[in-house]
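Grab a coffee and open the viewer. Here are a few short exercises, each with its solution worked through step by step.

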Amino acid sequence: MHQRYLLLTVFSVFLSTSLFGKATARKASYIPYDDAQPILQALIDDLPSELQGKSSDEIKADWSTWVARRDAEIRRRLIQGDEDSLVNVLLFGTSFTKQPRITGKQVILLSRAAIQKGIGTSLTAPSAEESKLDEILKGRIDDLVKGLAAPDNNERLLFARQLMVTQKGYNPGATAGRDQIKKYLLSSLDRVLTEQVGYAKAVEAARLLGDSREEFYERSKLYRNRGLSLDTSLLPDFAIEEALKTMKAQGLLKEGSIRHIAIVGPGLDFTDKQEGYDFYPQQSIQPFAAIDSLLRLRLSLPGNLQVETLDLSPRVNDHLSRAKRLAQRGREYVVQLPRSLQAQWKAGAVQYWERFGDQIGVSARPVAIPAEVSDVKVRAVRIKPTVVSRITPADLNIVLQRLELAPAERFDLIIATNILIYYDAFEQSLAMSNVQAMLRPDGFLLANNALPEFPFLPLHAVGYVTVVYSDRPNDGEHIVWYGQKTD
Ligand SMILES: C[S@@+](CC[C@H](N)C(=O)[O-])C[C@H]1O[C@@H](n2cnc3c(N)ncnc32)[C@H](O)[C@@H]1O
């Protein structure tokens, strides 16, 4: 299962007047009560507290109000996800400091200290290693706070500064504000590290169930109480390509059959999800990777593929909308592809990294690697504007919303990786209903989660592939494809 390792870890060039071609984003609608009703009944013991003990009539009468309120609550989880990403920048970023990056071993030391603080255990005298780590961390915090006071054109610092000012009310330009930010960073760091230890324990508890299927189910909702993070990296896209290859080999997908796809939660590489890099501009990867893979496998024909991205994050949607606007004016989109040599990727992953983009652009000169970052290789790909223009972003919360699509407009493929893990079984079930409503009868959902299946919902697991990225523990994915029962 893909996880952050170090902390444990599309039509401007409207080539045809396509039936389903929409040059602008569509508006999402909330899941109707009638579609949710069988889920509410099946999961009566697992409903959110405010729905528990209510009759069907009471829930139905209040449905539109409940859904809108829940939508707002889910979207508020983005703030904590942003705070989590800021902790990643603090530990591993190099765009604001010359201090060394925190190593995996040091993360373990910091986690221990966070837990000891949390349970009020007094610390023994620090070892030389701990003292050095303390110094590095203080240096990183000082540099980050200085960066927030004077962010220049560092887009991550600009974003973090806005987070501090608008969400927290701290003024990085004043001494008192800077002190508040330092305290806030330290407490966020302790919170994130303590949570990571909790996730590691939950993963271990799931493993001890001794049943790989049960383990996968447990892990598939691991982040249900966590902030919604945007971070992304290349490797899940390698796993998606492997899944598509297998589906084609099994005759489930035919050449040229994929014309309209959705990427749910494409993400934004604020800090690279795998290694925490921040030495290149923020970028989205998955929509481009999906087009690249579909063309490589000849599952889609050039000029006949439309991609809609469905995300609830304004940052993700704004980023992709801007890329599309610029592409409509002829601007390419450049992605940087870091590969940690320490991670020792498997040969298949390295080959994927080497060929990434050959269907959608050309290799470009990558950004310079900062001195503080060692053992990394970077490739860059300049993606053609005609490709970028094929992506149409829409604001949508997959748990509670769907696009109202006529049958001929529905998706052949919906990809959702590292998103449904942030939800519990009830929310995942609602998401399955929304996916179902947008999918063609012979279409597939690809996800790296074990998702709830019900007799009343035709979507069910058809097959899966396991893709291992490296020899590091838990460094890989199970990609499951869900199709609709035809019997
Ligand atoms: C951790 S990132 C994963 C990015 C990418 N799919 C990957 O595998 O690397 C999660 C993405 O899902 C989006 N997201 C989270 N909850 C969502 C929801 N309920 N509906 C739509 N998008 C959601 C986030 O905004 C973010 O873009």
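**Exercise 1: Around strand β12**

A461 stands opposite Y482 in β12. Keep in mind that you're looking at a predicted model. Your task: work out which strands pair with β12, and how enclosed β12 is.

Solution.
- Start with β11 (residues 459–468), which is joined to β12 by 9 bridges, and the two run antiparallel.
- Now go to β10 (residues 439–447): 3 bridges join it to β12, again antiparallel. One contact to look up here is L446, whose bridge partner in β12 is W481.
- Finally, check burial. A residue counts as buried if 20 or more other C-beta atoms lie within 10 Å of its own. In β12 (residues 476–484), 7 of the 9 residues pass, so the strand is largely enclosed by the rest of the structure.

**Exercise 2: An open sheet**

Find the strand order of the sheet that holds β4, β5 and β6, and say which strands stand at the edges.

Solution.
- The order is β4-β6-β5, with antiparallel pairing in an open sheet of 3 strands.
- β4 (333–340) and β5 (361–364) each have a single partner strand, so they stand at the edges and one side of each lacks a neighbour in the sheet.
- For the β5 and β6 (residues 376–383) pair, count 4 bridges; G361 stands opposite I383 in β6.

**Exercise 3: Helix α9**

Is α9 largely enclosed or left open?

Solution.
- Of the 11 residues in α9 (residues 286–296), 9 are buried, so the helix is largely enclosed by the rest of the structure.
- Among the buried ones are F288, I291 and L294.
- After the helix comes R298, with a positive phi near 60 degrees.

Technical notes. Residues are numbered from 1 along each chain as its sequence is written. This is a predicted model: local features need pLDDT of at least 70, side-chain atom pairs count only at pLDDT 80 or more; totals for chains, interfaces and linings use all residues. A residue is buried if 20 or more other C-beta atoms lie within 10 Å of its own, exposed if 12 or fewer, and partly exposed in between; C-beta atoms are placed from the backbone. Two strands pair if DSSP finds at least two bridges between them.
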